[in-house]
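The exercises below ask the reader to work through one sheet and its surroundings, step by step. Please have the sequence and the coordinates open while reading.

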Amino acid sequence: MKKLLTVAAMALLAAAAFAGGKKDAVVINSVADLQGKKIGVQAGTTGELYVQENVEGAKISSFKSGIDAALDLKNGAIDAVVLDEQPAKEIVARNKDLKIVTDKFAREEYAIAVKKGNTELLESINATILNMKKNGDYEKLVNAFMPSDGNIVIPPAPFLTSSKILRLGTNAAFPPFEYVEGKDIVGFDITMGNIIAKDAKAALIVVDMAFDSLIPALSSGAIDFIAAGMSVTDERKKNVDFSVPYFESEQVIIVRK
């Protein structure tokens with residue numbers, strides 16, 4: 001007579017069978033570990049460019065936003081996401097099963113972009129940024145959107161009426177710089193854009209679009225300036241004029257815990 005397996009024995013066998021068929025966990029602790037991996041990036045960003053140029057054998061998936069990439073990471077469709085530091089922190093804060101890995105990425109400077117040759121607007125934007133840093137408004141903005149306790153306090157947007165209109169182009173999927181809160185597009189860049197418009201005695205209209213559509217939209221005249229956590233690069237300088245830098249960041253890696 002055959003011996004009947006106990007429930008405990010059957011459970012052990014099932015666990016062993018599952019473990020035997022399971023693939024080894026992907027371990028990523030540095031940029032070097034990204035080689036040959038499936039990596040998510042935001043389309044048109046310096047993170048995408050970095051992976052293309054520096055990670056051998058990478059299988060790159062480009063997404064409209066870092067949040068979309070993080071969802072695929074959580075689902076196991078990709079192994080890691082390369083993204084700017086502050087948006088990565090926001091994503092990880094909301095997804096406890098993800099974590100950030102840092103490595104020796106080059107520091108990047110964010111600046112506002114205007115159409116080539118638009119000297120008048122560029123000078124106005126530069127004056128606003130420099131004045132904000134001088135009078136303390138810039139520090140208040142950092143504390144509002146990047147508080148040490150994590151509790152963001154969105155400054156009220158000024159209501160301005162003017163026959164002069166400035167159209168700010170952004171990609172509202174890059175917190176805390178630009179994101180959707182309720183029905184409104186808010187963020188560090190949006191508040192700064194409102195101050196820029198106020199100083200220029202203009203009303204501000206925020207235009208949300210895909211990040212890689214921003215420079216073409218600026219070149220065509222569909223928007224007047226870009227405030228979207230955009231890093232200054234030599235390639236972008238061929239197509240736009242940049243303001244003085246207003247923030248410094250770097251790339252990080254998001255992985256599953």
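Contact here means heavy atoms within 4.5 Å, and the model is a predicted one.

**Exercise 1.** Determine which strands helix H2 and helix H3 lie across, and the angles at which they run.

Solution. Begin with helix H2, residues 46-54, which lies across strand E1 (38-42), E2, E3 and E15 and runs at about 145 degrees to E1. Then take helix H3, residues 66-74, which lies across E1, E2, E3, E4 and E15, and runs at about 160 degrees to E3.

**Exercise 2.** Establish the order of the strands in the open sheet, and find which strands stand at its edges.

Solution. The order of the 5 strands is E2-E1-E3-E15-E4, with mixed pairing. Strand E2 (59-63) and E4 each have a single partner strand, so one side of each is left without a neighbour in the sheet. From one strand to the next, the twist averages 30 degrees.

**Exercise 3.** Describe how strand E15 is joined to E3 and to E4, and decide whether E15 is largely enclosed or left open.

Solution. First, strand E3 (residues 80-84) runs antiparallel to E15 and is joined to it by 4 bridges, and Asp84 has Gln251 of E15 as its bridge partner. Next, strand E4 (residues 98-101) is likewise antiparallel to E15, with 4 bridges between them; here Lys99 has Val255 as its bridge partner in E15, while Ile100 stands opposite Ile254. Finally, 5 of the 6 residues of E15 (residues 251-256) are buried, so this strand is largely enclosed by the rest of the structure.

Note on methods:
Residues are numbered from 1 along each chain as its sequence is written. This is a predicted model: local features need pLDDT of at least 70, side-chain atom pairs count only at pLDDT 80 or more; totals for chains, interfaces and linings use all residues. Side-chain values use heavy atoms; hydrogens and water are left out. Buried means under 20% relative accessible area, exposed over 50%, partly exposed in between (1.4 Å probe, protein chains only). Helices (H or I, at least four residues) and strands (E, at least two) are DSSP runs, numbered from the N terminus. Two strands pair if DSSP finds at least two bridges between them. Axes are lines fitted to C-alpha atoms, for helices over the stretch in contact, and angles run from 0 to 180 degrees between N-to-C directions.
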